[in-house]
Amino acid sequence: VRRAEGSAGPIWARADAVKASGRIDARVTDLDTKIRKCDEDIRRYMSQGKGPSQKQLIMQCMKRKKMYEQQRDQIVGTQFNIDSLAGAHEQADITAMTVEAMKAGHQDLKQRFEQMGAAGDIERMMDGLADLHDEIAEINEAISTAYAVPDGFDETAFEAEFNAMEEEMAAERLAGLSVGSAAPDYLHAASATPAASARPEETAASAPAAADLARA
């Protein structure tokens with residue numbers, strides 16, 4: 001654990017925890033090796049007989065084994081504390097980073113809302129857009145109005161006249177007449193013209209016959 005310059009308090013560094021944990025792991029591995037060696041010695045001495053010397057050697061090995069086991073358990077407990085502290089320090093780093101990110105995000109969001117303006121400004125903008133939409137609609141309606149319309153034009157009257165024409169045409173179809181087959185007036189006038197322009201000799205020839213019919 002290092003100390004900051006000009007400060008009496010220690011500064012925790014993750015590298016310190018990693019270094020301490022590594023040394024503890026090495027020490028635990030060494031103690032496990034010594035414990036296994038003690039077990040091997042105990043079995044070897046027991047296989048040599050049950051004399052006083054063998055018993056004394058076995059007791060010494062058992063004492064060393066117990067000492068190594070106590071040291072290992074103590075170091076393992078220390079390693080657990082160091083790992084817990086390292087985990088808490090890492091969690092604190094994550095929390096601090098999260099808080100900084102949230103602060104930066106809050107500041108950015110605040111600036112964006114300041115650029116957009118308050119709720120009243122947004123409402124006024126929407127009202128302006130609605131007014132502009134209404135003005136555009138009025139302009140389009142004015143542009144689409146037809147001004148080349150005769151005076152006295154009545155849309156309702158023309159609609160009624162159109163309906164009457166449709167009924168008349170339907171009645172003619174029911175009567176067996178072909179719609180539009182009637183000859184125009186100028187054709188009737190043309191057909192009557194030859195009869196009115198008969199030659200004088202034909203008129204003089206028919207005069208005596210007409211007088212006889214009158215006397216009869």
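**Exercise 1. Is Arg72 buried, exposed or partly exposed, and which acid does its side chain meet in a salt bridge?**

Before we start: this is a predicted model, where local features need pLDDT of at least 70, side-chain atom pairs count only at pLDDT 80 or more, and totals for chains, interfaces and linings use all residues. Residues are numbered from 1 along each chain as its sequence is written, and side-chain values use heavy atoms, with hydrogens and water left out.

Step 1. Get the cut-offs: buried is under 20% relative accessible area, exposed is over 50%, and partly exposed is in between (1.4 Å probe, protein chains only).
Step 2. Arg72 has a relative accessible area of 25%, so call this residue partly exposed.
Step 3. A salt bridge needs a side-chain nitrogen of Lys or Arg within 4 Å of a carboxyl oxygen of Asp or Glu. Arg72 pairs this way with Asp73, at 3.8 Å from N to O.

**Exercise 2. Lay out the elements of the protein in chain order.**

Step 1. Helices (H or I, at least four residues) and strands (E, at least two) are DSSP runs, numbered from the N terminus.
Step 2. Count them: six helices and two strands.
Step 3. Now read from the N terminus: β-β-α-α-α-α-α-α.

**Exercise 3. Find the largest nonpolar core and say which elements build it.**

Step 1. The recipe is buried Ala, Val, Leu, Ile, Met, Phe, Trp, Tyr and Cys residues joined through side-chain atoms within 4.5 Å.
Step 2. The largest such core has 10 residues in all, among them Ile24, Val28, Leu31, Tyr68 and Ile75.
Step 3. Two or more residues come from each of α1 (14–47) and α2 (52–116), with α1 giving the largest share, six residues.
Step 4. Zoom in on Val28. Skipping neighbours within four places in sequence, Val28 is in contact (heavy atoms within 4.5 Å) with Arg72, Ile75 and Val76.
Step 5. For background, nonpolar side chains tend to be buried together in soluble globular proteins. Here, 10% of the 216 residues count as buried.

**Exercise 4. Sort out some of the salt bridges, including one that links distant parts of the chain.**

Step 1. The whole structure has eight of them.
Step 2. Asp39 and Lys65 meet at 2.6 Å, N to O. Asp39 sits in helix α1 and Lys65 in helix α2, 26 residues apart, so there's your distant link. Lys65 is partly exposed, at 23% relative accessibility.
Step 3. Arg112 and Asp108 pair at 2.9 Å, N to O. They are four residues apart in helix α2, so about one helical turn separates them.
Step 4. Finally, Arg27, Asp30 and Lys34 are linked in a salt-bridge network.
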